[in-house]
Amino acid sequence: MSVLLANVLLALAWGAITGSFGFLNLLFGFVLAALALSLIREQIGTSGALERSWRAFTLACLFLYELVISSVRVAIIVLSPGRNLQPAIIAYPLRVDRDFEITLLANLITLTPGTLSLDVSEDRQTLFIHCIDVPDVDAVIADIQNGFERKIMETFR
């Protein structure tokens, strides 16, 4: 049985015991079940589930942060009519190699304003990205490597 399913079942059991299936009560039961499962994680073989959930949460937070920052940058570009843009198509060297990870990285890049994933090379080693303004290609590559790609690797490996 997966840890998430066990956690949900324990939260529902909490709701049945307390007699209330309200959102806050079930949320409290879910948190309580997560704490209980973390105490016995070695016995049930789920020692990495909570850490992985935390890493997935930090990946989501990173995406939201990048979404806000990129939205502000694009808004500045739109509101500055005389600005000299340097659009570029970047050949980004991939460190992730699983289909799911490549797809997730490409989607996170596409959902971030000002960037668009165009294609993945046949050998799955390069992701081609269009950027609306690139003063420094190496800085963009380093930003993706140290941001989205690192968090994806931490979460799913």
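Strand 2 (115-120) and strand 3 (residues 126-131) are a good place to start: they pair in the antiparallel sense over 5 bridges. This is a predicted model, so please read every value here as computed from it. Within this pairing, D119 of strand 2 has F128 in strand 3 as its bridge partner. The hairpin that strand 2 and strand 3 form has 5 residues between the strands, and there R124 takes a positive phi near 60 degrees.

**The sheet**

On to the rest of the sheet. Strand 3 also pairs with strand 1, again antiparallel, through 6 bridges. I90 finds its bridge partner in I129 of strand 3, and A88 stands opposite C131 in strand 3. Put together, the 3 strands make an open sheet with the order 1-3-2 and antiparallel pairing. Strand 1 (88-93) and strand 2 (115-120) stand at the edges with a single partner strand each, so one side of each has no neighbour in the sheet. From one strand to the next, the twist averages 30 degrees.

Here are the bridge partners named above, side by side.

| Residue | Partner in strand 3 |
|---|---|
| A88 | C131 |
| I90 | I129 |
| D119 | F128 |

**Helices against the sheet**

Which strands does helix 5 touch? Helix 5 (residues 99-111) packs on the sheet and touches strand 1, strand 2 and strand 3. The direction of helix 5 makes about 150 degrees with that of strand 2. Helix 6, in turn, lies across strand 1 and strand 3, and runs at about 50 degrees to strand 1.

**The nonpolar core**

Next comes the inside. The largest nonpolar core has 21 residues, and Y92, L105 and L127 are those with the most contacts inside it. At least two residues of this core come from each of helix 4, strand 1, helix 5, strand 3 and helix 6. Helix 5 gives the most, with 6 residues.

L127 is worth a visit of its own. Leaving aside neighbours within four places in sequence, L127 is in contact with residues including I90, A91, Y92 and L94. The contacts of L127 also include L105, A106 and I109, as well as S117, D119 and V120.

**An aromatic pair and a buried threonine**

The structure holds 3 aromatic pairs. One to look up is F63 with F148: their ring centres are 6.4 Å apart and their planes stand at 40 degrees, so the pair is tilted. F63 belongs to helix 4 (residues 49-79) and F148 to helix 6 (residues 137-156), so this pair ties together parts that are 85 residues apart in sequence. Both F63 and F148 are buried.

T112 sits in the loop between helix 5 and strand 2. Is T112 buried or exposed? With 6% relative accessibility, T112 counts as buried. Not counting residues up to four places away in sequence, T112 touches F63, E66, S70 and F148. Both rings of the tilted pair, F63 and F148, are therefore among the residues that T112 touches.

**Helix 2**

One more element rounds off the tour. Helix 2 (residues 23-39) has 17 residues and, at 1.5 Å a residue, should span 24 Å; the C-alpha atoms at its ends are 24 Å apart, so the two values agree. Which residues of helix 2 are buried? They are N25, G29, A33, A34, L37 and S38. In general, an α-helix has 3.6 residues a turn, so residues three or four places apart point the same way.

Definitions and conventions. Residues numbered from 1 in each chain as written. Predicted model: local features only at pLDDT ≥ 70, side-chain atom pairs only at ≥ 80, totals over all residues. Heavy atoms only, no water. Helix = DSSP H or I, 4+ residues; strand = E, 2+ residues; numbered from the N terminus. Expected span 1.5 Å × (residues − 1). Buried < 20%, exposed > 50% of the residue type's maximum accessible area, 1.4 Å probe, protein only. Phe/Tyr/Trp six-rings, centres within 6.5 Å; stacked < 30°, edge-to-face > 60°. Pairing = 2+ DSSP bridges. Axes fitted to C-alpha atoms, helices over the stretch in contact; angles between N-to-C directions. Contact = heavy atoms within 4.5 Å. Core = buried A, V, L, I, M, F, W, Y, C linked by side-chain atoms within 4.5 Å.
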